[in-house]
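Take a look at the model below. A short round of questions and answers goes with it.

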Amino acid sequence: MQRVKLFDHFILILGVFIMVGPLLVALMTSSHEATDIHRNGLSILPGGHFIETYQTVLTKQGGFTGKITGLRMMMNSLILGLGFAAGKIILSMLAAYALVYFRFRFATVTFWMIFTTLLLPLEVRILPSYEVMNTLHLTNTYTGLIVPLLASATGTFYFRQFFKSIPDELLEAARIDGAGPFKFFIDVIVPLSKTMMAAIFIIMFVYGWNQYLWPTLMTTDESFFTLVRGIKQILLVWVGSNIPDYNQAFALAILAMLPPVMIVMIFQRWFIKGLTESDK
């Protein structure tokens, strides 16, 4: 029995090392100069430029216009992640609430029509989506970055299944008390959905934060560049004898990882509870 436990712990520790190892290498490598990285490759030992590198990527103005900073790109990514997560939760909750509690004709057919949008991810409809945003003059705007990403049924599906597990007695009690649909939604459904909202928020925030293709297509103004795109821009400066700022790229990669990790750590208990709790 003891040997089995030791083997289990060994497997877990090995898994942690495999997951954390590349991040540790990236963190250590970011503290070296770009020329050292170009000449010697990755490093597992710290260099002498840690504070300098991270201060540079956060505050130094750069890019083609010489005006974009790492802090600005982090803010753009944060707006995209938070806006997408919040919009997704609101839209999905309202859609699921209508499908479950209003019980209109063809509600099931409507749900499956919404569900089929999962077969049409953004990559499939990216050209018509861009054409619509361009026609509405929403390129290089936060609205254009966020709104097209909301059109999928992921959140609606989870909230619909959750709402169906809520006892009908709550609805009957609310009707007896004279509560209308809006009051029932705000006073009963929303408080009961906090754990599910937290779970969906984590998933959608990470998805929005890590977006690269859509922001690349929608933004030509560097003031709207996201952090994930900024990493790619650093590696595209190989012109003539110039060496890309590998250390800054690694630093941005580490910084890009921190907000999603913090979100998961903060909402971890709610996330697990929201996905596993079924007795409402």
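What follows goes from the whole chain to one helix.

This is a predicted model, where local features need pLDDT of at least 70, side-chain atom pairs count only at pLDDT 80 or more, and totals for chains, interfaces and linings use all residues. Residues are numbered from 1 along each chain as its sequence is written, and side-chain values use heavy atoms, with hydrogens and water left out.

Reader: How many helices and strands does the protein chain have?
Author: Helices (H or I, at least four residues) and strands (E, at least two) are DSSP runs, numbered from the N terminus. The count for the protein chain is 15 helices and 0 strands.

Reader: What share of the residues of the protein chain is buried?
Author: Buried means under 20% relative accessible area, with a 1.4 Å probe and protein chains only. The protein chain has 280 residues. The buried share is 36%.

Reader: What span should helix α10 have at 1.5 Å a residue, and how far apart are its end C-alpha atoms?
Author: The expected span is 1.5 Å times one less than the number of residues. Helix α10 has 12 residues (181-192), so 16 Å is expected. That agrees with the distance between its end C-alpha atoms, 15 Å.

Reader: Why do the buried residues of α10 line one face of the helix?
Author: In α10, the buried residues are Phe184, Phe185 and Ile189. The arc is that of the directions from the helix axis to the C-beta atoms. Seen down the axis of α10, its buried residues line one face because they fall within an arc of 95 degrees.

Reader: Which helices are among the cover of the buried residues of α10?
Author: Contact means heavy atoms within 4.5 Å. The cover includes α4 (70-102), α8 (154-164) and α9 (168-176).

Note on methods
Buried means under 20% relative accessible area, exposed over 50%, partly exposed in between (1.4 Å probe, protein chains only).
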